[in-house]
Every structure is written in structure tokens, then in C-alpha cells.
Amino acid sequence: MSLIYAFAIAAQMGAGVYLLLSRHVMRILFAVVLLSTAANLLIFVAGGLQFAAPPVIQQGTQMLGEGSANPLPQALILTAIVIGFALVAFAAALVLKAYYAIGSVFTDEQNDAEALGSPFDAEAADNV
Amino acid sequence: MSVIFSTMSRLFFVLMLLASVYMLFRGHNEPGGGFIGGLFAALAFALLALADSVKTARKALIVHPMVLIGAGLFLSFLSGLPGLVSHGSFLTHWWVELGSAHVGTATAFDIGVFMVVIGGVLSLVFRFYEGVEQ
Amino acid sequence: MSFEWSILVALAGAAIAPPAASLLGRGTGWVMSLVPLVIFASIFAHIGPVAGGEVMIAQLAWVPSLGVDLAFRLDGFSLLFALLISGIGTLVTIYAGAYFAEKPSAEIGRFLSLIMLFMAAMLGTVLSDNLIVMFVFWELTSLTSFLLIGFDGHKEAARKSALQSLIVTGGGGLVLFAGILVIGMTMDTFSFTEVVARSDELVASPWATAIAVLVMIGAFTKSAQFPFHFWLPNAMAAPTPASAYLHSATMVKLGVFLLARFDGVFADMPAFGQTLVIFGSLTMIVAALLALRAESFKAVLAQSTVASLGILVMLIGLTGEVAAVATVGFILAHALYKAALFFCAGTAIHATGEAGLRKLGGLARFLPATAVAAVLASLSMAGLPPFVGFISKEYLFEAQLANDWNILPVAAAVLVNAVMVGVAGVVSIRPFYFKPERVTEIHHGETPGLLLGPLLLAAGGILIGLVPAPAAQWLIGPAASALYGQPIDVSFQLWHGLTPMLVLSILVVSIGAVIVVQWTRIHNLLRRYDNLYAWLGDRFYHGALDGVLGAARLSTRTLQNGDQHRYTTLVILTIIAGLAFAFLSAPSSDFLASEGGIRLSVTLVLLLTVVGAAGTIFVRSLIAGLVSVGIVGFGSALIFMLNGAPDLALTQIAVETLIVILMTAVLLKLPSRRRHSRTGPERRRDGLIATGFAVMMFIAVASIGVTPIDLRLSDYFGETSYLEAYGRNVVNVILVDYRAIDTLGEIAVVALATIAAWGLLRGALKPARNKE
């Protein structure tokens with residue numbers, strides 16, 4: 001089973017990296033979502049998946065019973081999902097703002113700073 | 001069609017809001033909690049914003065999302081102070097037994113989380129959809 | 001006043017100089033000179049006990065956990081330096097006030113503030129007993145020197161020279177710091193007193209050579225020893241009062257100070273002294289050659305300073321009592337005459353506006369007192385009786401002859417001293433008495449402020465020469481004893497009798513006289529070998545600097561070409577390489593052993609997410625891409641559900657829905673996609689990179705599957721969740737109780753990220769322009 005998990009996570013990450021290498025800002029945004037989903041799954045798998053009962057202490061008992069899933073990675077992933085959402089939301093706002101300011105959704109056209117030229121060249125020109 | 005959708009959405013809104021509060025408070029003993037409750041409450045308002053208008057949703061929320069963010073953070077912070085005073089340890093919670101249920105500062109902490117999540121998500125949803133409508 | 005307060009007094013002086021200047025205007029120099037004068041007096045008050053052999057230690061804990069204490073030490077040697085620093089500092093302050101008389105008062109304030117700051121740093125360096133503290137002050141002198149050399153920041157030469165001196169001396173300081181750290185590592189202490197006391201341990205340790213080399217490099221850069229000698233003449237871009245103070249009398253002697261201090265530590269390591277003799281001799285020869293060829297007044301003085309520093313380094317390398325006395329005597333004599341000569345040069349250059357020696361002449365008519373001071377100082381420099389320079393030179397030769405070195409260093413010393421005689425003659429007689437037709441008018445005459453410094457210092461030179469006993473008893477003796485490690489009875493006197501040293505002195509003066517007379521001819525002769533001289537200058541420095549800049553340019557052009565695609569590629573490739581390295585360094589096929597049986601439901605959902613992931617790559621429209629991303633997200637929610645994580649499943653579903661809602665809003669505002677953002681070859685290459693990344697991740701995740709998990713923490717949470725935190729949902733209890741501070745931080749992140757995004761989009765509703 002762990003090989004199937006590994007395959008699925010690897011496939012998600014591979015797709016994420018391919019999209020991350022794109023120059024279209026939306027595809028980069030998709031990549032961020034894919035990669036964070038895959039990373040959460042990775043943590044989940046790393047926490048061990050032998051047991052499928054929710055980590056909730058049954059009524060009438062005082063301790064978590066045998067056969068419950070590992071609660072620790074779940075707590076970590078829960079906040080990671082929300083933080084991941086905040087990250088994606090911020091990136092989406094950045095995408096919109098960049099589009100409004102520059103008028104392009106391609107990173108190779110969002111090059112106003114590069115269009116000014118290399119600072120080294122400017123310095124060289126000063127020194128001549 | 002849109003009238004039906006709009007009416008249904010109000011019904012769903014109320015139901016989801018109730019569900020989210022239920023999620024928040026049962027969270028300590030059953031699946032749920034501040035994050036989940038907050039997300040579902042935010043979804044309820046988002047549904048209202050999409051089905052009706054952002055203006056309606058803003059009105060339904062009464063306060064500005066930023067106020068919720070600030071108040072939530074402050075509440076979570078405050079919930080840690082009693083423990084700091086009594087045990088010298090920030091966010092060590094106090095508990096009171098009310099019948100069979102325990103109520104403590106942890107509940108206040110989770111309510112703070114709930115408010116921050118609602119405020120954070122909605123500030124963005126409203127902002128993103130305000131541009132679309134025009 | 002205890003001596004260590006002098007540093008604070010100097011710092012206070014730095015703070016009050018600017019307001020004082022705007023208040024007092026032209027009188028600032030005189031008033032501000034009270035600050036160094038007070039320091040001088042407070043140090044002078046300790047002269048009695050220190051001469052009696054007492055070592056004063058003042059200590060204050062600073063960073064006790066690192067063994068760094070604010071420990072200060074006043075012995076004969078540091079007392080001599082502290083007196084020179086504060087004494088010449090007093091004269092420099094007065095001189096600077098007069099020198100900048102017609103400048104705006106803000107300029108005077110800034111200059112004096114820097115001088116005071118420098119003085120604090122210098123006092124700190126020579127008084128520190130803790131090596132770390134000393135290093136901090138050491139680098140502070142480099143920084144203040146940088147600011148003073150670049151004082152006329154509008155001139156490009158000043159900026160470049162300032163940078164050069166900072167790179168050389170500051171960089172050398174870092175090397176010294178490395179040496180100090182190695183000392184701390186070997187000896188387990190940074191206290192200098194203790195290092196000296198346990199010097200045999202240091203010399204015996206395997207790090208001894210490394211420490212010696214690192215300390216020497218630090219000292220050589222500061223004291224402008226070959227091959228770092230080039231920065232000092234360039235530093236003459238500083239205003240002349242600063243040159244007189246920093247680059248003749250004080251800062252450049254710090255390297256000598258350090259070497260002299262460590263000479264005692266490395267006493268049992270003969271190679272240390274021998275290296276110093278070799279580098280000192282090389283430096284003085286190179287500097288003498290450069291001095292003969294230099295054009296401007298200040299450059300000639302600067303090169304002769306480098307030569308003097310070479311002599312001092314050589315003297316430290318020699319062993320014995322006489323060498324210690326010679327070192328101290330030469331430090332004192334040199335400080336007196338060189339500072340005086342710089343003052344005279346400053347007055348001459350300032351009054352005429354000419355810096356080249358060949359354009360100056362007959363200045364004695366206009367600046368009679370300055371001319372007298374210059375002649376007196378240069379006679380001391382030439383080493384003629386009855387000046388203190390003569391005595392110190394006698395000691396120099398005696399120290400050389402007392403050491404069983406071969407004839408080469410002695411010959412070098414004779415030649416270099418002859419050049420010094422030549423330089424002394426050239427800088428005093430020629431501009432002031434020769435060729436009166438060259439200068440016919442000057443901008444201003446002498447003022448008391450311009451005269452006090454040079455006259456006092458020149459008079460000091462002759463006074464100590466005539467009556468050497470007090471200086472020998474109170475200053476030179478204690479300092480030499482501190483250097484030598486045991487009391488020395490110094491018989492510092494003018495007349496030594498008919499000795500070999502006297503013969504050498506006569507030889508020096510004769511050759512020197514020839515140089516004075518034949519200066520122009522020698523000068524023109526040397527000018528013909530410009531190509532040869534280029535190798536003695538800062539050619540290597542510029543080569544190294546250009547090389548570094550070139551490498552920076554190249555790496556920037558290749559790595560940061562302005563294309564996001566390139567950056568991401570590099571980051572991903574680095575991660576792949578890191579993972580591959582980790583795997584290949586311990587290859588194993590354990591990860592292929594799959595754990596657990598296959599669950600059909602989970603397998604199907606996982607395959608669904610794989611399809612969704614593939615879909616994000618292959619679909620053309622962005623809306624369809626968003627749907628594919630959603631499939632992966634909801635699929636992972638199902639995985640959570642099927643593995644006992646209902647909390648995660650609910651969260652994931654809610655977040656995925658919200659992401660779709662937000663992304664839809666963004667997509668509605670963006671133009672629809674019209675073209676590929678990558679070329680065909682780029683896409684194929686990226687596909688390869690993504691596949692490589694996926695393969696490495698597969699191996700990594702599969703390896704995790706076969707690694708045993710430590711469940712102690714999880715078990716603890718499961719056992720105590722209800723009993724101590726009254727919650728049955730362990731996940732929620734972890735979030736709001738056990739790790740509540742983390743959660744507080746995380747909601748703060750959510751709050752800040754959304755506030756930032758919210759702020760980004762305020763009022764931005766329409767594209768400002770369109771590139772498509």
C-alpha cells in the first residue's frame with residue numbers, strides 16, 4: 001500500500017513541479033495548491049496509516065483506545081491546510097494585483113524591473 | 001430560477017451557520033473545532049455573497065471581517081492569560097465543570113480561532129467578488 | 001578617574017562635537033581639544049605606578065557565557081600608546097579647527113566627531129585585555145578610518161581610497177578575528193593576560209603556526225606591510241589632519257602594537273621573529289623605492305611612513321633587550337616627527353593649493369614658523385644629533401648588530417635610513433627654501449592653531465634628544481619592559497661613544513646627503529621604470545577586485561537572468577540533486593518492500609487524484625485546470641476520511657471549496673489563455689525535470705513507509721487528553737491546548753496573510769495597462 005501512496009504523492013508533486021515551471025501565473029498558482037495538498041498527504045502517510053478509527057476517546061473510557069489513528073500528524077496537517085489556504089489566497093491576490101499593475105499574466109512579461117537593465121551595466125557606464 | 005436559488009440560499013445560509021456553530025462547540029469531544037467551524041461559517045457567507053450579493057453578505061455579517069480577525073486574535077490571546085497568572089504558563093487552560101460538561105478557557109481560545117478564520121476568509125471572498133459584480 | 005573611562009570620554013566628545021561646532025564656529029578646535037587633553041591628563045596620572053612596574057586591570061562582565069569581558073589593561077606599553085593617542089589627538093583637534101577655519105561649521109563638527117570616535121576606538125584597542133573586545137575596537141578603527149579617508153565623499157578618488165583601505169584593513173581584521181577564535185579554541189580563554197601567562201601551551205599546540213600566520217596577516221594589513229603596503233599612500237586622500245593622526249602616528253601602528261604584544265607569546269617560536277624580519281625588510285625596501293619616486297608632498301611622507309613601519313616590524317622580529325628599547329624608542333620618535341611633518345605639509349598644501357613637491361618652493365618667506373618646525377622634525381627623521389631620532393636609530397643598528405643575522409638586513413636598514421635622510425631633506429628644505437620663484441603668493445598665512453602642533457612636536461623631538469633621562473625612565477623603560485616581559489634598565493642617551501653604530505650612522509647620513517642633492521636626477525631615473533613600479537603598487541588589489549566583480553556579474557547574468565522560469569528550475573534541480581545525493585550516498589532497495597495489504601477503496605481514490613494531477617498538466621483551459629486541481633483536493637479529503645481523520649476531511653473539503661470560489665473570481669478577471677508560456681523544448685525539458693522530481697519523491701515517500709515511527713508523543717496525547725484537558729477529540733485538544741501557542745501563531749499568520757491580500761487589492765479594480 002505504501003508504494004501506491006508514494007506513487008500518488010509523487011504524481012501530484014510531479015504535476016505540481018511541471019506547473020510551477022510554467023510562466024503563466026495561474027498555472028503557478030495551481031502548482032502551489034497541488035504541492036501543498038501533496039505535502040499534506042506526505043505528512044499524513046509519514047504518521048503511519050495502520051489504523052482507521054478516528055482519534056476520539058470513546059464515551060465511558062478515559063484514554064484513546066487501541067486501533068485509533070495517530071492524532072499528532074492530523075493536528076499538524078489541519079493547521080497546514082488552513083495556512084496553505086491563506087498562502088494561496090495571498091498568492092491569488094498578488095496575481096490579480098500584478099495583472100492590474102502590469103497588464104500581463106505571463107511572468108516573462110512582468111519584467112519592468114529587468115527592463116531597466118543590469119545594475120552592473122549602469123555602474124560600468126558611470127565609471128567610464 | 002434565480003429567485004428560487006436566492007431563497008434557497010438564505011435557507012442554506014441559516015442551516016450552514018447553525019451547523020458551523022455546532023461544529024465549533026462539539027469540537028472538543030467530536031470531530032469539529034474552531035478551524036472547521038470557521039471555514040463552514042465562511043462558506044455560508046460566501047454562498048450568500050455568490051447567490052445574492054456581496055452587499056447582502058456584508059450586511060448579514062454585521063461587522064467588518066477585519067474586526068473579526070482582530071477580535072478573534074485578541075480573544076485567543078486573552079484566553080491564555082489566566083493560565084499565565086495562575087500557573088506562570090501562557091495558554092495553560094482553566095476548566096470549570098458544569099454538570100457533565102467541562103467549560104474552560106480552551107473554549108474561548110477555539111472561539112477566537114473560529115472568528116479569525118471567518119474574518120480572514122471573508123475579507124478575501126468579499127474583496128475578490130466585489131470586483132466581479134460590477 | 002580610572003583609565004578605562006577615557007574611552008567613554010572620547011565617545012562623549014564624538015557626540016558633542018557637532019553641536020559644539022555649530023555653537024562655537026572657529027573656536028571649536030581649541031575648545032574640543034579639552035576632551036583629548038583631559039584623557040591625556042588622566043592617563044598621565046598613572047605614569048608613576050606604571051613606571052614602577054604595576055599593571056592595572058579593570059574588568060566588567062559583558063558576555064560572560066562566551067568568556068567575553070570588558071577587561072582593560074594599562075601597562076607601560078599601552079600607556080605609551082594611550083599617551084600618544086590622546087596627546088597627538090589634542091594637537092590634531094586644534095590643528096583641524098584651524099585647518100577647516102573657512103569651511104562651514106557643520107564640516108568641522110563632522111570631522112572632529114569622527115576624530116573623537118576614532119580616538120575612542122584607538123584607546124579601546126590598545127587598552128583592551130580581552131581579545132574579542134580588542135577586535136571590536138580594532139575594526140572600529142578601520143571603520144572610522146574609512147569615514148575619514150572618504151571625508152570628501154564627493155571626490156571619486158577619496159571614495160575609492162576609502163573603500164580600498166576598508167577592504168584591506170577590515171578584511172585583515174577578519175583574518176585576525178579568525179586567529180583570535182583559534183586562540184580561544186586552543187586556550188579556552190580570550191584574556192590576553194592569561195594567553196601571555198600560558199604562552200608555552202599555545203606554542204606547543206598544533207594550532208600555533210595557524211595562529212601566528214593569522215595574527216601576522218591581521219597586523220600586516222593594518223600596518224601596511226608588504227604585500228598590503230599599497231593602501232596607506234592611497235589613504236592620503238583623507239584631509240591632512242586625519243592623515244597626520246591616523247596614517248602616521250596612531251592607527252597604522254596598531255599592527256606593530258599587536259605584533260609587539262604577540263612577540264612575547266611567540267618568544268619560543270623563532271620562525272615568528274624571522275618572518276617579521278623578512279617582511280619588515282621587504283616592506284622598507286619597497287617603500288624606500290616608492291618614496292624616491294613619489295610626486296606629491298603627502299605621498300612622499302606616506303611612503304616613508306610605510307618604510308618606518310617596516311623598520312618597526314623588523315625590530316619586533318629581532319630578539320633581546322636592545323630590540324625592545326629600539327622598538328619603543330622608534331615608535332615615540334617616529335610619532336613625534338612624522339605627525340609634525342604632516343602638519344607642516346598640510347599647512348603648505350592648504351596655503352598654496354598645490355600638492356606636488358615639484359611645484360612648491362620658497363615657502364619659508366610666507367610660512368617662517370612652519371618652515372622651522374619642518375626642518376626640526378626632518379632633522380629628527382634624518383636621525384641627526386641631538387634629536388631623538390638619532391638615539392632611536394643608534395638603537396636600531398645596535399639591535400641589528402646584537403642579533404646574529406647576516407649582513408643583508410643591516411645593509412637594507414642602512415639604505416632605507418639613507419632614503420629617510422633624503423626624504424627628510426627633500427620635504428623640509430626643498431619646499432621651504434629652494435626655488436623661491438615657484439610660489440609667489442599664498443591663500444593664507446599661519447595661525448596659532450596651525451602652528452601649535454608642529455612646533456610642539458618638533459620641540460619635543462629635540463627636548464627628548466637633549467635630555468633623554470626622564471623619557472627613558474617614565475616612558476621608554478616601562479614600555480620596553482612590558483614588551484620584553486621583565487624589567488629593563490634603559491640607558492637612553494645621546495652619546496654612545498665610538499661604536500659600530502656611529503659608523504653606520506655616518507654612512508647613512510653621507511648617502512642621504514647625496515640623495516638630497518641628486519633628488520631630481522634619481523627621481524627622473526626611477527620615473528622611467530613605470531612598468532616595473534606598477535608591480536609594486538596596487539595592481540594585485542585591483543586584479544582581485546575586478547575578478548570578484550566579474551564573477552559576481554557572471555553569476556548574476558547566468559543565475560538571475562530575470563526569467564522566473566530559470567529561478568524555479570534552479571531551485572527544483574537543487575532539491576533533486578540533494579535528494580539524489582542523500583539516496584545515492586546510501587543506496588538501498590528497502591523502500592520497495594510495500595507495507596500493509598492493498599485497500600481497494602483507498603487505491604481507487606488515489607488513482608483518481610493521479611488522474612486529476614495529470615489533468616492539470618494536459619488540459620488547455622484554465623477553468624478545466626481548476627476543476628482538475630479540485631479533483632486532487634477532494635480526493636485527498638476522501639483519503640483523510642478513509643484513514644480515520646474526519647477533522648482533516650472536513651477542513652480539506654471546506655478549504656477546497658473556498659479555493660475554487662476564490663480562483664473562479666480571479667479567473668473571471670484575467671484574460672483567457674491564448675498561448676503557451678513555454679516553447680516546445682522548454683516544455684519537454686520541464687517535463688523531464690518534473691519526472692525526476694517525482695521519482696525522487698517516490699523513493700523518499702516509499703522509504704518513509706518502511707521507517708519505524710516514534711509514537712511516544714502521540715501515545716502521551718492519547719492517554720492524557722481526557723484526563724488532563726477534558727477533551728475526547730485528541731486532534732482538537734492538541735490544537736487548542738497542548739500546542740495552543742503554535743495555533744495562536746498560525747491564526748496570526750492567517751490573519752496577516754489575509755490582511756496583506758486584502759490590502760493589496762484595495763482600490764485596484766481595473767488593469768492600468770495591457771501588454772497583450
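What follows walks through the chain contacts, one helix pair and the nonpolar cores of a predicted model. Residues are numbered from 1 along each chain as its sequence is written, and chains are lettered from A in the order in which they are written. Since the model is predicted, local features need pLDDT of at least 70 and side-chain atom pairs count only at pLDDT 80 or more, while totals for chains, interfaces and linings use all residues.

Start with the interfaces, where contact is taken as C-beta atoms, placed from the backbone, within 7 Å. Chain A puts 86 residues up against 100 residues of chain C. Three elements of chain A give two or more residues each to that side: helix 1 (2-20), helix 2 (25-46) and helix 3 (71-102). Helices here are DSSP runs of H or I with at least four residues, numbered from the N terminus. Helix 3 of chain A brings the largest share, 26 residues. Sorted by class, the chain A side has 63 nonpolar, 17 polar and six charged residues. For the classes, Ala, Val, Leu, Ile, Met, Phe, Trp, Tyr, Cys and Pro are nonpolar, Asp, Glu, Lys and Arg are charged, and the others, Gly among them, are polar.

Within helix 1 of chain A sits Ile4(A). Setting aside residues up to four places away in sequence, Ile4(A) touches Thr603(C) and Leu606(C). Ile4(A) counts as partly exposed because 19 C-beta neighbours lie inside 10 Å; 20 or more would make a residue buried, and 12 or fewer exposed.

As for chain B, six of its residues are in contact with six residues of chain A. The chain A side of that contact is six nonpolar residues, with no polar and no charged ones.

Inside chain B, helix 2 (residues 34-51) and helix 3 (residues 54-61) pack at about 145°, their axes 6 Å apart. Axes are lines fitted to C-alpha atoms over the stretch in contact, and angles run from 0 to 180 degrees between N-to-C directions. Helix 2 of chain B offers Phe45(B), Leu48(B) and Ala49(B), and these meet residues of helix 3 of chain B including Val54(B) and Leu61(B).

Then there are the nonpolar cores, sets of buried Ala, Val, Leu, Ile, Met, Phe, Trp, Tyr and Cys residues joined through C-beta atoms within 7 Å. The largest has 208 residues, and Leu315(C), Ala340(C) and Leu341(C) touch the most other members. Helix 17 (residues 321-352) of chain C gives the most to this core, 22 residues. Beyond four places in sequence, Ala340(C) is in contact with Ala373(C), Ala377(C), Pro454(C), Leu457(C) and Ala458(C).

Conventions. Contact = placed C-beta atoms within 7 Å.
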